[in-house]
Amino acid sequence: MQQASEAIIEFNNTGLSILEIGHRTPFFIEVMEEARALVKELMQLDDSYDVMFLQGGATTQFMQIPMNLLDSDETAAYCDDGVWGSKAIKEASLFGKADVVASSKDKGYTYLNKGFSVPSTAKYLHITSNNTVEGTQYFAAPDVSVPLVADLSSDIFSRQMDYSKYSLIYAGAQKNMGAAGVTVVIVKKDILGKIKRPIPAIMDYRKHIEAGSLMNTPPVFAVYVALLTLRWIKESGGLAEMERSSLEKSSLLYNTIDSLPVFTSKIAVEDRSRMNAVFFLNDSNLEAPFLDLCKKEGMVGVKGYRTVGGIRVSMYNALPLESVVAFTDLMKHFSVVSG
Ligand SMILES: Cc1ncc(COP(=O)(O)O)c(C=O)c1O
């Protein structure tokens, strides 16, 4: 934040603000190139992948992916594991057939299906790696023979994984990667160019790759903040360190939930998200007093999503362990005073 705010006044001794440098100047091209290279380096991806920094949020990817990969007479497989995955399914069905091969809707999205099968004719399988709203997370990539597409908006750069199992990964930057306004799309190039539909240039991944994500004016400041965040991840020890820290924070929180009878988690233990812990008060009358106490203690943003209710604690990379320690101390205190 300090570095980003300094760059608003003057970027790298150029006499110019990051907000006023031209996006085609060598100054900015360097920023873009370093950011794109760092994404690949952190995920240990080779040159068969390309990295794009695009606009429109992850929501735009819900339609840009099928627009680029799915012809109108073809089928793509989707997992329906929550609010965001359902939106992706709805958008895909505008371009081709979106076949729901697994859904956890029957139990209020509190678990993830495993071992489901995907027809080999499906163009790809789409999953939401971390269900931000419901609090579930995939810990193993589904074992399928079709290209895997994943929405990593809420868990990108939070863990080590074999990212080469995926053919397309996308994420809005605003949770683990920087400021709102830029979306990263990482694509294995060999899945592109296989459909009949003409694609408007601004929606065509191949055009963005050719132009090095500089086809039109990119969100310069958001890309710069993403670069600073990527450098911070690398300097902190890369994805191994992000994973260690995320495990430490989420274990502390889930252990506290499980040890206090006042709180309860409805999520299948093996699917509990390390990024977003969703839980409830056993006595729903205690929810409002608990949230009031959180507010009084300066712990904001812990109210559950409007359609789910309860409590949701997000533990993105930037959240220090101390915050989770303070929050779990508050939970223990509340459990004593309310019991
Ligand atoms: C998993 C997931 N996908 C998609 C989105 C939508 O992202 P955006 O607001 O960047 O369109 C979100 C936002 O919270 C999300 O958590």
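What follows walks through the two sheets of this predicted model, the helices lying across them, and the shell around the ligand.

Take the seven-stranded sheet to begin with. The sheet is open, its pairing is mixed, and the strands run in the order β1-β9-β8-β7-β4-β2-β3. At its edges sit β1 (49–54) and β3 (97–103), each pairing on one side only. From one strand to the next, the twist averages 20°. Inside this sheet, β8 (residues 168–172) and β9 (residues 183–188) are joined in the antiparallel sense over five bridges, and I169 has I186 in β9 as its bridge partner.

Two helices lie across parts of this sheet. Helix α2 (residues 26–43) lies across β1 and β9, at about 130° to β1. Helix α4 (residues 83–92) covers β2 (75–80), β3, β4 (125–128) and β7 (148–151), and runs at about 160° to β2.

The other sheet is an open, antiparallel one with three strands, ordered β10-β11-β12. Both β10 (263–264) and β12 (311–314) are edge strands with a single partner strand each, so one side of each has no neighbour in the sheet. Strand β11 (residues 276–281) pairs with β12 in the antiparallel sense through four bridges, with A277 opposite V313 in β12. Helix α7 (residues 238–259) lies across β10, β11 and β12, at about 15° to β11.

As for the ligand, its surroundings are made up of G57, A58, T59, W84, T128, T132, D151, S153, S154 and G172. Helix α3 (residues 57–69) supplies the largest share of this shell, three residues. By character, the shell splits into seven polar residues, two nonpolar and one charged.

Conventions. Residues are numbered from 1 along each chain as its sequence is written. This is a predicted model: local features need pLDDT of at least 70, side-chain atom pairs count only at pLDDT 80 or more; totals for chains, interfaces and linings use all residues. A residue is near a molecule or strand if its C-beta atom, placed from the backbone, lies within 6 Å of it. Ala, Val, Leu, Ile, Met, Phe, Trp, Tyr, Cys and Pro count as nonpolar, Asp, Glu, Lys and Arg as charged, and the others, Gly among them, as polar. Two strands pair if DSSP finds at least two bridges between them. Two residues are in contact if their C-beta atoms, placed from the backbone, lie within 7 Å. Axes are lines fitted to C-alpha atoms, for helices over the stretch in contact, and angles run from 0 to 180 degrees between N-to-C directions.
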